[in-house]
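Colleague: Thanks for making time for this one. Could you walk me through the ligand site and the empty spaces around it?

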Amino acid sequence: MSLQMVDLKTQYQRIQSDIQREMQEVLETSMFIGGPKVNAFRENLEAYLGVRHVIPCANGTDALQIAMMALGLQPGDEVIVPAFTYVATAEVIGLLGLKPVMTDVDPETFNITAAHIEAAITPRTKAIVPVHLFGQSADMEAIMQVAERHNLYVIEDNAQAIGADYTFADGAVRKTGAIGHFGCTSFFPSKNLGCYGDGGALMTNDDDLAAKARMIANHGQSRQYYHDKIGVNSRLDALQAVVLNVKLPHLDTYNNSRRGAALYYDSVFSNIADLKIPGRQHNSTHVFHQYTLRLEGGPARRDALKAFLQEQGIPAMIYYPVPLYKQLAFEHWWPGGTLPVTEQLCDSVFSLPMHSELNEAVLERITKAVKAFFEK
Ligand SMILES: *Cc1c(COP(=O)(O)O)cnc(C)c1O
């Protein structure tokens, strides 16, 4: 039987009765947009993240866009992003007429660092979008310090790391997404907290920014039929909110289960010389949105490994094969040259199945198949 990168079906079966009861309630009240279910989820997520405001919206890409609009970023303003990320991080920057400035990343954690950011700052820089890639926080304390020194906004792209804990030097612990001026997340089905369609949210501790974001997400409306700003239409619907409300109390269990699977993978793959297991950020927990290895020997060998696994019904994915600055849509913002770590990662990374339902039998099957490739 073929495995999948993410097993949403088994997870659903465990919470089926709760989901069906909650969905039935929405169907019977016919409150499909807004209403008590969306408000309940918003409050529960605020409590879970320890953040003053959660603003639900239609997807993670919208969340990033709304954050940049609420911060008042203007055409020509520069926004620093890692070149090794999903396209959505930078897409809205281009869409708003802002300029994406792409930096290299750390080879061990795959994340942008304060040093990368500092080197990319110009007089036109207005904001930074650190991405907590694959499930662990970028070094937020150092990043917030750089931001403060240069008077920059920080928008955390937390789409892959919901539930991760970042520890500050003084011992304070905060959830990712609740540290920057805004945090943005996605509830796409395969994310660590996923709904059964599209969904997203912004987080902020700033009352004024929260009010602006709420207004922009709702057609720039200050009160009904009075529109003070150009906004967008971006809502989380009630059917998605109930899915998220049922899943939120399980999120830590889901993330622990992912960590357990990652440790199993580590224990096998750390003995294979040509494989590098994912590095850990010392001051962040890892929620393993992806388990991403690096393979020595170049992209052709990686393709061979992928094909070898595929024959045995084991999927592997390459997140991400192309640096952002080599995407046609972004080329014209790129001043030229290459970012060595990003290039090296695009040529060497591959991700194995990772989700909340991996059991020992499946992990054994996957790791045995990978081992067999190196014993050929
Ligand atoms: C998924 C994702 C997004 C976008 O979320 P959508 O809900 O699909 O719009 C943004 N950034 C990162 C890093 C993501 O993984």
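Modeller: Happy to, and let me settle one term before we begin: a cavity here is a set of grid points where a 1.4 Å probe fits but cannot get out. Please also keep in mind that this is a predicted model.

Colleague: With that in hand, what is the volume of the largest cavity?

Modeller: A search of the whole structure finds two cavities of 30 Å³ or more. The largest cavity has a volume of about 60 Å³.

Colleague: And which class has the highest count in the lining of that largest cavity, nonpolar, polar or charged?

Modeller: The lining includes V6, D7, L8 and Q11, along with P189, S190, K191 and N192. Also among the lining residues are K247, R258, H355 and S356. Sorted by class, three are nonpolar, four are charged and five are polar, so under the grouping used, which places Gly, for example, with the polar residues, the class you want is polar.

Colleague: Let's turn to the ligand. Where does the ligand sit?

Modeller: The shell around the ligand has 13 residues, and the closest are G60, T61, D157, S186 and K191. Helix 3 (60–70) and helix 4 (88–95) each supply at least two residues of this shell. As for its location, the ligand sits in the largest pocket.

Colleague: How much space lies in that pocket, the largest one?

Modeller: The lining of the largest pocket divides into 13 nonpolar, 12 polar and three charged residues. The space in the largest pocket comes to about 540 Å³.

Colleague: Which elements give two or more residues to the lining of the largest pocket?

Modeller: The lining holds 28 residues, and those closest to the pocket centre are Y86, Q160, F188, K191 and H289. The elements giving two or more residues are helix 3, helix 4 and strand 8 (182–186).

Colleague: What share of the exposed area of the ligand does the protein bury?

Modeller: Let's start with the side chains that reach the ligand's oxygen atoms: a polar atom of K191 lies 2.8 Å from one, and an N or O atom of S186 is 2.6 Å from one. For T61, the distance from a side-chain N or O atom to a ligand oxygen is 2.5 Å. Taken alone the ligand exposes 380 Å², and the share buried by the protein is 92%.

Colleague: One last point on the backbone: which two residues does a cis peptide bond join?

Modeller: Most peptide bonds are trans, and most residues other than glycine have a negative phi. S30, in the loop between helix 1 (8–29) and helix 2 (36–49), has a positive phi near 60°. The cis bond involves Y320, placed in the loop between helix 10 (298–311) and helix 11 (340–348). With omega about 5°, the two residues joined are Y319 and Y320.

Key. Residues are numbered from 1 along each chain as its sequence is written. This is a predicted model: local features need pLDDT of at least 70, side-chain atom pairs count only at pLDDT 80 or more; totals for chains, interfaces and linings use all residues. Side-chain values use heavy atoms; hydrogens and water are left out. A residue is near a molecule or strand if one of its heavy atoms lies within 4 Å of it. A polar contact is a pair of N or O atoms within 3.5 Å; within protein, one must be able to donate a hydrogen and the other to accept it, and residues adjacent in sequence count only if both atoms are side-chain atoms. Accessible areas come from the Shrake-Rupley method with a 1.4 Å probe; for residues, only the protein chains shown count as cover. On a 1 Å grid over the protein atoms alone, a cavity is a set of points where a 1.4 Å probe fits but cannot get out, and a pocket is an open set with protein on both sides within 12 Å along at least five of seven lines; lining residues have an atom within 4 Å of a point. A molecule sits in a cavity or pocket if more than half of its atoms lie within 2 Å of its grid points. Helices (H or I, at least four residues) and strands (E, at least two) are DSSP runs, numbered from the N terminus. Grid points are joined across faces, edges and corners, and a volume is the space filled by probe spheres set on the points.
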